[in-house]
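Please explain how this structure is put together, for a reader who meets it here for the first time.

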Amino acid sequence: MATLLLLTNDTSASAEILPALELLPHQVKVAPAEATALLDAPAAEVILLDARRDLVGARSLCRLIGATGKDSPLLVIASEGGLPALSSDWGFDDLLLSTAGPAEVDVRLRLALAPLGATTTEPLIDTGPIVIDEAAYSAKLNGEQIDLTYTEFELLKYLAQHPGRVFSRQQLLSDVWGYDYYGGTRTVDVHVRRLRAKLGPEYEAVIGTVRNVGYRFVIQPERKRDHDNDVQDGDRAEEPSLAEADGS
């Protein structure tokens, strides 16, 4: 978990400025996007600058922060319409679209926090039989590598990061695939089916189905007895065949 300083003149909550922050464990401190506010700004590991509405003011503040010798990486939050105005002379380290999903925001923050050329040791997500290594983009089941596509890995990681929490298909589509993804929610069902197939009959129940709601990650599942544990036959009937899906 990192401490983030969000510089903004928007009175909205930080989760409305960058919605993905609500689903990440980082601590967010807010301060006005003004030069005078920097004097009393709290310490933070990463600085986020809201440039969605005031591009001119954000550019000036970026340059000021750079000129005063910033100790933390600076990431600019921009709207898609503001992208043409951004350039290297602003002096920021990276940019985030306000519509970026949690997976993208998380990896950009991790990269910003990593010293240039350094090898970072990310904490593993250890759920018992399944161990997920975020830095290596790998997942192992009982020590054996699971062959996952990028999206399958992101879906498994996201569910494992929130054990027990139920997510609707629409939530998963927005948070894992991204707010700009226009595919249908059946895509989520297909990827869940593929994940379960790769986990095998004994461990497929770690991705539990809450009927008529969505999916959740089940910690330390019991050995599979029948299809009525966590995975309901009725919900399986709702899920499309793999042939209905597009790519990963």
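In this predicted model, Y158 counts as buried, because its relative accessibility is 4% and the limit for that class is under 20%. F167 is buried as well, with a relative accessible area of 0%. The two residues belong together: Y158 and F167 form an aromatic pair whose ring centres lie 5.1 Å apart and whose planes meet at 50°, a tilted arrangement.

The structure holds four aromatic pairs. A pair of aromatic rings is described by the distance of the centres and the angle of the planes. In another of these pairs, the rings of Y137 and F153 have centres 5.0 Å apart and planes at 40°, so this pair is tilted. Its members come from distant parts of the chain, 16 residues apart: Y137 sits in the loop between β7 and β8, whereas F153 belongs to helix α4. Their surroundings can be described in turn. Y137 counts as partly exposed because its relative accessibility is 31%, which lies between the limits of 20% and 50%. F153 is buried, since its relative accessible area is 3%. Ring pairs also bring in Y150, so that Y137, Y150 and F153 are linked into a cluster.

Helix α4 deserves attention of its own. For its twelve residues, a rise of 1.5 Å a residue leads to an expected span of 16 Å, and the end C-alpha atoms are indeed 16 Å apart, so the two values agree. The helix is mostly covered, with ten of its twelve residues buried. Among the buried residues are T151, E152, E154 and K157, together with F153, L155, L156 and Y158.

The discussion now turns to the nonpolar interior. The largest nonpolar core has 28 residues, and I132, L155, L156, L172, L199 and I207 have the most contacts inside it. At least two residues each are supplied to this core by β7 (130-133), β8 (138-141), α4 (150-161), α5 (169-177), α6 (186-199) and β12 (214-217). The greatest contribution is that of α4, which gives six residues. Another core, of 18 residues, lies apart from this one and includes I47, L49, V76 and A78.

The strands β7 and β8 also pair with each other, in the antiparallel sense and over four bridges. Within this pairing, V131 stands opposite K140 in β8. The hairpin of β7 and β8 has four residues between the strands, and there Y137 takes a positive phi near 50°. Strand β8 has a further partner in β9 (residues 144-145), with which it pairs in the antiparallel sense over two bridges. K140 takes part here too, since Q145 is its bridge partner in β9. The hairpin of β8 and β9 has two residues between its strands, and N142 in the turn has a positive phi of about 50°.

A last stop is R52, which is placed in the loop between β3 (46-50) and α2 (55-67). With a relative accessible area of 19%, R52 is buried, because the class takes in values under 20%. Its side chain is joined to that of D50 by a polar contact of 2.8 Å. Leaving aside neighbours within four places in sequence, R52 is in contact with D10, E16, I17, I77, A78, S79 and S98. One of these residues, A78, is also among the members of the core of 18 residues.

Technical notes:
Residues numbered from 1 in each chain as written. Predicted model: local features only at pLDDT ≥ 70, side-chain atom pairs only at ≥ 80, totals over all residues. Heavy atoms only, no water. Core = buried A, V, L, I, M, F, W, Y, C linked by side-chain atoms within 4.5 Å. Buried < 20%, exposed > 50% of the residue type's maximum accessible area, 1.4 Å probe, protein only. Phe/Tyr/Trp six-rings, centres within 6.5 Å; stacked < 30°, edge-to-face > 60°. Expected span 1.5 Å × (residues − 1). Polar contact = N/O pair within 3.5 Å; in protein donor to acceptor, adjacent residues only side chain to side chain. Contact = heavy atoms within 4.5 Å. Pairing = 2+ DSSP bridges.
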